[in-house]
Amino acid sequence: MLDQTSVHVDAPTVTTPDDYRRVRDVLDRAGYTDENIVKLMGVDLSRLGERKLPALLRRLNGGTPLETLVKLFILDQDVDAAAVQKALAPMTPESWAAIGLIEPAGAGQYGACVQLRCYQGLILAYDFTRRGRGGVRSDFVMSVSPSTIVLLGMTVRRKNHAMLDLGAGCGIHALVAARHSDRAVGVDVNPRALAISRFNAGLNGLANVQFRDGDMFSAVEGETFDLIVSNPPFIIQPESRHTFLNSGTEGDDICRRLAKDAPRFLNDGGFCIFNANWAVVDGEDWKARLAGWFDGSGCDALVIEQGIVDLGEYAAGLIEIGEGEQAEFLRLFDRWMDYYAQRKIVNIGRGVIVMRKAGGRPNWFDVIAGPAEITFPSGDDVAQLVELHTFLHGLRDDRDLLDVRLRLAPNVRFEQTSQAVNGAWTQVSGRLRRVNGLGYSGAAEAMTAALVARYDGQRAVRDHLTELAAAANTPVASIEPSALAIIRRLVEQGFLVPVDLVSPSA
Ligand SMILES: C[S@@+](CC[C@H](N)C(=O)[O-])C[C@H]1O[C@@H](n2cnc3c(N)ncnc32)[C@H](O)[C@@H]1O
C-alpha cells in the first residue's frame, strides 16, 4: 500500500512499494543493525557526539558496504561515488537519489539527505542537525531525542485495538506501538514529518500504521483509542520558528489542550501519556494550576515531575540559532525573558503526564517526583503506579491501610555504605532502591529496611505494627500515625504493593 502525501516535500519518497523492500534489502545485506554499527564504531550511538570524527572515521577504512552506509547516514560524510555504488548494489546511487536518500555532493561524491538510525529493530530516517542561518530548518524532523526515549520507555505496552501518536515527527511512537496494536495513527502538521514517517512505516514493513495531516486531535475527530502517546511541541517561547519546538501556541496551551481533549478520544481504561512543560506562574501554586487541567475530565492524572527549571537555563538551551549568530542569540534571549516577565512566568516545570480514563469512577490527580533513574522498558511500572495511586485514593484515610496485606516488590534492593570505625565496618547510610523500570530510591536505616523485608503479603499491616510496637515495648497507637505515613509513601513509589492489586499487565 502506498500512502504518500500529494504535496511535494524534500523528504524520502518511493514511487513503488517494491522500492521499500529493495532499499531494506540493501541495508539488511550490509548488516545495518544497531548491534553491528556499535561494534564497528566502538561506541554506543547515543554517545557518538562525545567522540571526535577523525577517530571514528579511522575505524571505517575497510570500504565495506556497512562502513560506507555508516559514513553517509550516521556520520554525515560525503563518500566517493564508486564506494556508494558498491554499497547500494544491486540498486544504484541514482535510484537512491531519486528516492531522496542521497544526493550528489560534487567532486564525484554523494552525501546523505537524512540520517538512517536503528532503534529496536526499526530503521528510521530523520533529519541531520545541520544548522543554517536561524538554526536547523523550520520544518526540521527531530531525531530520536532524550525526550523521545523517555516517552518510549515509559509508554504502557499492552495489546491495543487502536493507538494514536500526536506530533509524530519521524513516526517512532506509532511505529513501535504498531507492534502491539491492531492499528496505529500518527498525526503531524509538518508535511515533511508526515512524508518521513510514511517512508519509515514502509521501510519497516508496517502496514497497520497511518499518518495523517492535522492539528492535534482534529485529524481523529469521532475516533477513540486505547493508547495516546504524545511528545508535543511543548516549548514555552515567544515565537514558533521551529514546528517541532512550538507550532504557534501560547504559553503551555499545547499541553493544557492535550490534557483537556484527550479524555474524549480515550476508551475506558485507556492510557494517554505525554511529555509536558508547564509555566510556573508567580503567586500561583503550580500543582493546583495543573490539577485544574484535569478537573471533571473523567481521567486519573499522574504528573511525574522531572524538575522545575530556571528560565535562563531553559531559554539558553533551546534558542535555535545558526553557527556564529551570537548577536542573534542575545536578541532572542531578551525576547524570551520579556515574554516570561509579561506573563509572570518564574520557572518552567518539566515532566511526563500519565492519564487513564477512569471509567465512571471519580478521577484523581497526583504529582510525584520522578525517579532518579529510569531503565527501559518501564511501562509496566507506570501502569502499576497508576493502580497504586488509584488504590490509595480509594482509602478513607491511612488507617484503612491497617487491614491491607502488602508485599515488598521483588525488584527492591537495600544498599548500604559502611565506614571503618575502630577496625570494624560500620554502616553510615543505607538506601532502599528499586532496580529496573522506575528507579525510585530513598534513604533508609537498616532497622527500617529489615522491617520492610518482612512484608511478604501474608499478614495485614496491623499485625506488622503490633509486632513492632511489642518489640519496642510501646503502645501501638504511639507508632501508628508515623508508620502509616511511611507505608503510604512506600506504596506511592511502588516499594510496597497490596497483594490484591490488579496485575499491571492485565
Ligand atoms: C517534539 S517533536 C516530537 C517528534 C516525535 N514524536 C518524537 O517524540 O521524537 C513534536 C512534533 O509535533 C509536531 N507538531 C507541531 N505542532 C503540531 C500540531 N499542532 N499538531 C500536530 N503535530 C504538531 C511537529 O511537527 C513535531 O513533529
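## Exercise 1. Two positive phi angles

Task: place Asn436 in the chain, and describe its backbone and its exposure.

Solution. Asn436 sits in the loop between β17 (424-434) and β18 (438-439). Element numbers start at the N terminus and follow DSSP runs: helices are H or I with at least four residues, strands are E with at least two. Next, the backbone: phi of Asn436 is near 70°, a positive value in a residue other than glycine. Last, exposure. A residue is buried with 20 or more other C-beta atoms within 10 Å of its own, exposed with 12 or fewer, and partly exposed in between; C-beta atoms are placed from the backbone. Asn436 has 16 C-beta neighbours inside 10 Å, so it counts as partly exposed.

The model is predicted: local features need pLDDT of at least 70, side-chain atom pairs count only at pLDDT 80 or more, and totals for chains, interfaces and linings use all residues. Residue numbers run from 1 along each chain as its sequence is written.

Task: repeat the analysis for Gln120.

Solution. Gln120 lies in the loop between β4 (115-119) and β5 (122-126). Its phi is near 45°, again positive in a residue other than glycine. Gln120 has 13 other C-beta atoms within 10 Å, so it is partly exposed.

## Exercise 2. Cis peptide bonds

Task: find which bond before Pro90 and which bond before Pro377 is cis, and locate both prolines.

Solution. Start with Pro90. The bond from Ala89 to Pro90 is cis, with omega near 10°. Pro90 falls in the loop between α5 (81-88) and α6 (93-99). Now take Pro377. Phe376 and Pro377 are joined by a cis peptide bond with omega about 0°. Pro377 belongs to the loop between β14 (373-374) and α14 (379-393).

## Exercise 3. The partners of β12

Task: how buried is β12, and which way do β10 and β11 run against it?

Solution. First, cover. Strand β12 spans residues 345-357, and 10 of its 13 residues are buried. Second, pairing. Strands of a sheet pair through backbone hydrogen bonds, either parallel or antiparallel. Two strands count as paired if DSSP finds at least two bridges between them.

- β10 (residues 266-281) pairs with β12 in the antiparallel sense over 11 bridges. Val281 stands opposite Ile345 in β12.
- β11 (residues 299-310) is joined to β12 by 11 bridges, and the two run antiparallel. Asp300 faces Arg356 in β12. Leu302 faces Val354 in β12.

Third, follow β11 onward. Strand β13 (residues 365-369) is joined to β11 by 5 bridges, and these two run parallel. Ala301 stands opposite Phe365 in β13.

## Exercise 4. A three-stranded sheet

Task: in what order do the 3 strands of the open sheet lie, and which are the edge strands?

Solution. The order is β1-β3-β2, with antiparallel pairing. The edge strands are β1 (79-80) and β2 (102-106), since each pairs on one side only. β1 and β3 (residues 109-112) run antiparallel and share 2 bridges. In that pair, Val79 stands opposite Tyr110 in β3.

## Exercise 5. The ligand shell

Task: which residues come nearest to the ligand, and what classes make up the shell?

Solution. A residue is near a molecule if its C-beta atom, placed from the backbone, lies within 6 Å of it. The ligand has 23 residues around it; Thr148, Gly167, Gly169, Asn231 and Ser247 come nearest. Sort the shell by class: 12 nonpolar, 9 polar and 2 charged. Here Ala, Val, Leu, Ile, Met, Phe, Trp, Tyr, Cys and Pro are nonpolar, Asp, Glu, Lys and Arg are charged, and the others, Gly among them, are polar. α8 (172-178) and β7 (181-188) each supply at least two shell residues.

## Exercise 6. The whole chain

Task: does the radius of gyration of the chain agree with or depart from that of a compact globule?

Solution. The radius is taken over C-alpha atoms, and the globule rule is 2.2 Å times the number of residues to the power 0.38. For 506 residues a compact globule would have a radius near 23 Å; the chain has 26 Å, which agrees. The C-alpha trace spans about 85 × 55 × 50 Å along its principal axes. Buried residues make up 38% of the 506 residues. The chain holds 17 helices and 21 strands.

Task: what separates the centres of domain 1 and domain 2?

Solution. Domain bounds come from an automatic or database domain assignment. It divides the chain into domain 1 (31-113) and domain 2 (398-498). Over C-alpha atoms, their centres are 54 Å apart.
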